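Reader: Could you go through this fold with me before I set anything up? I'll jump around a bit between topics.

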Amino acid sequence: MNKSLLHSCLFLMTILAYSQEKIIFKDDFNQTQLDTIYWNYDLGDGCPELCGWGNEESQWYQKENIKVKDGFLHIKSSKKDQQYFSGKITTKDKISFQYGIIEVRAKVPNGKGLWPAAWLLGADISEVGWPACGEIDMLEYLGRDPNHLYTSLHTPASHGETINTKRTFVKDIDKGFHIYKTKWTKEFISFYVDDLLLYTFSPEVKNDETWPYDKPFYLILNLAIGGEFGGKEIDDTALPQEFVIDYIKVTQ
């Protein structure tokens, strides 16, 4: 086969692959407000069931700190009268899926104590609890640890300070938008930033303890403040700050 014909075949195969791509969910945030057909607001401080949202976080989640404008989702961290405020949304009980490629284009804020995240939880969390439900953290950024991205998985066999994690240096990660992508199959879960492969998780033994990932999961976007992972020291002079999301997309 000559090179010209080979290139043509490869091009056609690429086009065919894209044409077969099935969009499970996509939100470009082009509306004037959050689309509650797909999204829920998580509100308050998690009490009484999960005070501090399980991590001793300092923020109170409220709708006022979430805005959709100019084609972007803005999740703002702020402080008023000694209380920290922020926002969190989920697709729990509205949008869930099993396997796929999850892509988020976002710009993270900076400042000690800030902890933006894009992640997933098993849709059966209300029945089995955490960590049995499983957790996929495709983006976590800590203002106390500039220029580093965290991608992690929490399972019954490894949760909390999980060993299934990767801390990656990404220069100027807080200076602009980046594309955070997770590829989730029945064999492995891989994490990327701007198409750079960061980490692949594929345990040899896959059971309920090591691999709670053969079931539907739902999406979460939030900006936490403080906490065990975010850091007890909070730089009030950095507030307000925003976690800005351009789009989120799931394909299979």
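Reader: Leaving aside neighbours within four places in sequence, which residues is I245 in contact with?

Author: Keep in mind that this is a predicted model. Once the neighbours within four places in sequence are left aside, I245 is in contact with F29, F72, L73, I75, V104, R105, A106 and L221.

Reader: And which residues touch the most other members of the largest nonpolar core?

Author: That core has 48 residues, and those that touch the most other members are F29, L73, I136, Y213, L221 and I245. Its largest share, five residues, comes from strand β16, which covers residues 217-225. As background, nonpolar side chains in soluble globular proteins tend to be buried together.

Reader: Where does β16 sit in the open sheet, i.e. what is the strand order?

Author: The open sheet has seven strands in the order β2-β7-β16-β9-β10-β11-β12, with antiparallel pairing, and β16 therefore stands between β7 and β9. At the edges are β2 and β12, each of which has a single partner strand, so one side of each is left without a neighbour in the sheet.

Reader: How many bridges are there between β9 and β10?

Author: There are five bridges between β9 and β10, and the two strands pair in the antiparallel sense. One register point to check against is L121, whose bridge partner in β10 is E135.

Reader: Switching to pockets, what volume does the largest one have?

Author: The volume of the largest pocket is about 1,100 Å³. It is lined by 38 residues, of which W53, N55, W119, W130 and E135 are the closest to its centre. The elements that give two or more residues to this lining are β7, β9, α2, β10, β11, β16 and α3.

Reader: How does the lining of the largest pocket split into nonpolar, polar and charged residues?

Author: By class, the lining of the largest pocket is made up of 16 nonpolar, 12 polar and 10 charged residues. E135 turns up in two places here, as one of the residues closest to the centre of that pocket and as the bridge partner of L121.

Reader: Now β14: are its residues buried or exposed?

Author: Strand β14 spans residues 189-193, and five of its five residues are buried. Both faces are covered, with I189, F191 and V193 buried on one side and S190 and Y192 buried on the other. That split follows a general pattern. In a regular strand the side chains alternate between the two faces of the sheet.

Reader: Which strands does β14 pair with?

Author: On one hand, β14 runs antiparallel to β13 (residues 178-184), to which five bridges join it, and S190 of β14 is the bridge partner of K183. A hairpin through four residues joins β13 to β14. On the other hand, β14 pairs with β15 (residues 196-201), again in the antiparallel sense and over five bridges, and I189 stands opposite F201 of β15.

Reader: What about the backbone in the hairpin of β14 and β15?

Author: That hairpin has two residues between the strands, and D194 takes a positive phi near 50° there, although D194 is not a glycine. With a relative accessibility of 41%, D194 counts as partly exposed.

Reader: Where is D172, and what is its phi?

Author: D172 is in the loop between β12 and β13, and its phi is positive at about 55°, although D172 is not a glycine either. Its relative accessible area of 36% makes D172 partly exposed.

Reader: I also want the omegas right, so which residues does a cis peptide bond join?

Author: One cis peptide bond joins C47 and P48, with omega about 5°, and P48 lies in the loop between β2 and β3. Another runs from L239 to P240, with omega near 0°, and P240 is found in the loop between α3 and β17.

Reader: Last one: what does D28 touch, not counting residues up to four places away in sequence?

Author: On that count D28 touches G71, D246 and Y247. D28 lies in the loop between β1 and β2 and counts as partly exposed, at 30% relative accessibility. For a distance check, D28 and Y84 are 56 residues apart in sequence and 28 Å apart in space, C-alpha to C-alpha.

Definitions and conventions
Residues numbered from 1 in each chain as written. Predicted model: local features only at pLDDT ≥ 70, side-chain atom pairs only at ≥ 80, totals over all residues. Heavy atoms only, no water. Buried < 20%, exposed > 50% of the residue type's maximum accessible area, 1.4 Å probe, protein only. Pairing = 2+ DSSP bridges. Core = buried A, V, L, I, M, F, W, Y, C linked by side-chain atoms within 4.5 Å. Contact = heavy atoms within 4.5 Å. 1 Å grid on protein atoms, 1.4 Å probe; cavity = no way out; pocket = protein on both sides within 12 Å on 5 of 7 lines; lining within 4 Å. Points joined across faces, edges and corners; volume = space filled by probe spheres on them. Nonpolar A, V, L, I, M, F, W, Y, C, P; charged D, E, K, R; others polar.
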